[in-house]
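I opened a new page for this one and wrote things down as I looked them up.

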Amino acid sequence: MLSNFKGLTFDDVILVPGYNGIKSRQNVTTSVELLGKNFGIPLISSNMDTITETEMANAMTDLGGMAILHRFISIDDNVKMFRNLKNKDKVAVSIGIGKDGLDRAEALISAGATMICVDVAHGHSKEVNRSIKTLRESHGNHVLIIAGNVATYAGADYLAAAGADVIKVGIGSGSVCSTRIKTGFGVPQLSALQDCRKVDRVLISDGGTRFPSDAVKALAAGADFVMLGGMLAGTDETPGTQIETEINGKKVKFKRFRGMASKEAQDDFMGGMSDWKTAEGVSIDVVCKGPMKNVIQDIMGGIRSGMTYCGALTIKDLQRKAQFMEITPAGRIEGTPHAIGRLNEPNSN
Ligand code: 5GP
């Protein structure tokens, strides 16, 4: 059976400009309210082992965003990492399913964690439902539960019904993810968000954000927050060591960035790849980018400017006013810097 729901992603659409009554892009508000907590910027650093540990979490929360610590360490080290944070109330911790997940949650909640992210590759599943229900039964509304990942209304609704406050959306859209080529499953990110937003919960767009414009489109399509992996990879605040290499006589610094379902990550955390499994992520070296603040400023500049292109004072306003237009490949090419290529064409004098 072929679904008549056409899947679109960021590059398939453009936001159509609308009337603007806002004097300056400085006047827009980018803050998001999350059950009593206020975040100045709608960005989250991804819970990957090459993205978010203490340093990234501190930097991200200092700038007004949220961070989610990864869970690929022992429970004791996870607790130590959480205790060392500067702004604990703006950082969530991650758990997997089953006993380890619930033990980890209990240890971290005892250490003061109030936001728990139940995070698995395919969140529309019974085990995730069980973990959410157990957490809710033991801690009531003292913990905020983030759950994912899903990419459909049915998945988001299932997690909301189980008791999740926040739904993380994205299957197969990540920059180091290979789920779609390995399994054939996933939903293009923009359509996934538009489908999931029918559920009355806070949404995180997770995966596929490559440019500031992708973040603007994700927010306009219904996300309250945008989670960043690849865009933050290689910044100073990410875990891991810098490797210096010489390329064409130039010294270049790299850092490792890897999918959590890559062979390399599974070798480190699961004692190797089981023979019944295939890796659903890749490991790459990315060029070091300097302070994460520069990346965040660039994204926030795009979001603020984007909001004024349709006269939106708040993110909710952007969601109400945004009008997407589907574009052709030619339209997409026109919308990316192309003057330099023209000058280099052989017949252009
Ligand atoms: P990015 O911002 O790099 O495009 O996407 C980051 C997101 O990719 C993460 O937050 C996570 O949801 C997802 N991800 C991380 N590692 C893997 C992996 O190995 N496989 C898959 N399928 N997704 C991954």
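Before counting, I fixed my terms: buried means under 20% relative accessible area, exposed over 50%, and partly exposed in between, with a 1.4 Å probe and protein chains only. By that rule, 50% of the 349 residues of the chain count as buried.

A note on where this comes from: it is a predicted model, where local features need pLDDT of at least 70, side-chain atom pairs count only at pLDDT 80 or more, and totals for chains, interfaces and linings use all residues. Residues are numbered from 1 along each chain as its sequence is written, and side-chain values use heavy atoms, leaving out hydrogens and water.

Next I checked contacts (heavy atoms within 4.5 Å). Of those between residues at least 6 apart in sequence, 65% join residues at least 24 apart.

Then I went for aromatic pairs, meaning rings of Phe, Tyr and Trp (its six-membered ring) with centres within 6.5 Å; planes under 30 degrees apart are stacked, over 60 edge-to-face, the rest tilted. I found two in the structure.

Phe-39 and Phe-225 have ring centres 5.6 Å apart and planes at 85 degrees, so I logged them as edge-to-face. Both Phe-39 and Phe-225 are buried.

For Phe-72 and Phe-269, the ring centres are 5.2 Å apart and the planes at 40 degrees, so that pair is tilted. Are Phe-72 and Phe-269 buried or partly exposed? I got 15% relative accessibility for Phe-72, so it counts as buried, while Phe-269, at 31%, counts as partly exposed.
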